[in-house]
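Q: Hi! Could you choose one part of this structure and look at it closely with me? I am in my first year, so please go step by step and then show me how that part fits with the rest.

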Amino acid sequence: MKFDNYMILDFPSKSSNEAFARSAVACFAAQMDPTLEELGDIRTAVSEAVTNCIVHAYPEKLGNITLRCRILKDNVLDIVVKDKGVGIADVEQARRPAYTTGGNERSGMGFTIMESFMTNLEIISKPGKGTTVHMRRKLLRRQ
Amino acid sequence: MHFTSFLEEGRLTVALTGEIDHHCAKSYIQAIAAKIEAYTPKVCVLDFQEVSFVDSSGIAVVINALRNMTQIEGQLLLTGIAPQPMRVFQASGIDKLVEIKEAVS
């Protein structure tokens, strides 16, 4: 896969890293000259993916989260959020709007938001092994 | 988490600030529930004017406040919502459950 630029971050599943992760991706994506709306969508989707790792992948203890961003040709931002946590037994069920195992504090809208704010969303998960969320967003080129 | 609130003629206004994500959502949910329980207002206004970012955790904050207000047969209003939080509320359909006033364009 040809790419123009990339960055990789490794950090523990602390909730204080949610803001760090979405801000880091927004700073990296700034070189693609995104609109404010595109940047907002990307920050939101990253926040959802990282929060899922923190809440669901590592419910009992801290674990590692890897975040990789690449700029592909045609102004596409490619984002991978990977954990080695508990995994998801039924990905289709997890993707359903308002489905959550997180109780009242969660809305169950994380995957729905990632889906509607990104151009592509792919979830690969193995129970006991971890989950990889792969998202892409094509940014419109401004004149 | 930082917020201010005031009560005026049975109308409770809670002004939220900053970025609302999972890191601070639980504190907001509990703080808003405590205010509603203490004052049992007829109307609760969540003011988002100083909120620069929300993710789906913000939806949970609104849904919980709605639940608290429904229990005491009161009304929930949202106000001052910037474009990014508005997109999140619209994507989740919450804009159809709660009355939204004076959206910031």
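A: Let's begin with a definition: two strands count as paired if DSSP, a program that assigns secondary structure, finds at least two bridges between them. Please keep in mind that this is a predicted model. The part I have chosen is the hairpin of strand 4 and strand 5 of chain A, which has three residues between its strands. One of the residues to look for is Gly128(A), which takes a positive phi near 85° in this hairpin.

Now follow the two arms of the hairpin. Strand 4 of chain A pairs with strand 5 of chain A, residues 130-138, in the antiparallel sense, and seven bridges join them. You can find two of the partners yourself: Lys126(A) has Gly130(A) of strand 5 of chain A as its bridge partner, while Asn120(A) is matched with Arg136(A) in strand 5 of chain A. A general point helps here: backbone hydrogen bonds are what pair the strands of a sheet, and the pairing may be parallel or antiparallel.

Next, look at what strand 5 of chain A does besides its pairing with strand 4 of chain A. Strand 5 of chain A also runs antiparallel to strand 3 of chain A, with eight bridges between them. Within strand 5 of chain A, His134(A) stands opposite Val80(A).

Step back, and the hairpin becomes a piece of an open, five-stranded sheet in chain A, with antiparallel pairing and the order 1-2-3-5-4. Strand 4 (120-126) is an edge strand, as is strand 1 (3-12) of chain A, and each of these two pairs on one side only. On average, neighbouring strands of this sheet are turned by 10° against each other, if direction is ignored. A helix packs on this sheet too: helix 1 of chain A, residues 17-29, touches strand 1, strand 2 (64-72) and strand 3 (76-83) of chain A. The direction of helix 1 makes about 170° with that of strand 1 of chain A.

Where does the hairpin sit along the chain? Chain A holds four helices and five strands, and read from the N terminus they come in the order β-α-α-β-β-α-α-β-β. The radius of gyration of chain A is 15 Å, close to the 15 Å that the globule rule gives for 143 residues, so chain A is as compact as a globular protein of that length. The C-alpha trace of chain A spans about 45 × 30 × 30 Å along its principal axes. Of the 143 residues in chain A, 38% are buried. Among the contacts in chain A with a separation of 6 or more, 66% come from residues 24 or more positions apart.

Chain A also has a partner. The contact between the two chains takes 22 residues from chain A and 21 residues from chain B. On the side of chain B that touches chain A, helix 1 (22-39), helix 2 (56-71) and helix 3 (83-92) of chain B are the elements that give two or more residues. That side of chain B has nine nonpolar, seven polar and five charged residues.

To finish, compare the antiparallel hairpin with some pairings in chain B. Chain B has three helices and five strands, which run β-β-α-β-α-β-α-β from the N terminus. Here strand 3 (residues 43-54) and strand 4 of chain B pair in the parallel sense, over five bridges, and Leu78(B) of strand 4 is the bridge partner of Leu46(B). Together with helix 2 of chain B, these two strands make a right-handed β-α-β unit. Strand 4 of chain B also pairs with strand 5 (residues 99-101) of chain B, in the parallel sense over three bridges, and Leu78(B) stands opposite Ile100(B) of that strand. The path from strand 4 through helix 3 to strand 5 of chain B is a right-handed β-α-β crossover as well. Along strand 4 (residues 75-79) of chain B the side chains alternate: Leu76(B) and Leu78(B) point to one face and are buried, whereas Gln75(B), Leu77(B) and Thr79(B) point to the other and are not.

Conventions
Residues numbered from 1 in each chain as written. Chains lettered and ligands numbered in written order. Predicted model: local features only at pLDDT ≥ 70, side-chain atom pairs only at ≥ 80, totals over all residues. Contact = placed C-beta atoms within 7 Å. Nonpolar A, V, L, I, M, F, W, Y, C, P; charged D, E, K, R; others polar. Axes fitted to C-alpha atoms, helices over the stretch in contact; angles between N-to-C directions. Buried ≥ 20, exposed ≤ 12 C-beta atoms within 10 Å, placed from the backbone. Right-handed = clockwise from strand over helix to strand, strands pointing away. Rg over C-alpha atoms; globule rule 2.2 N^0.38 Å.
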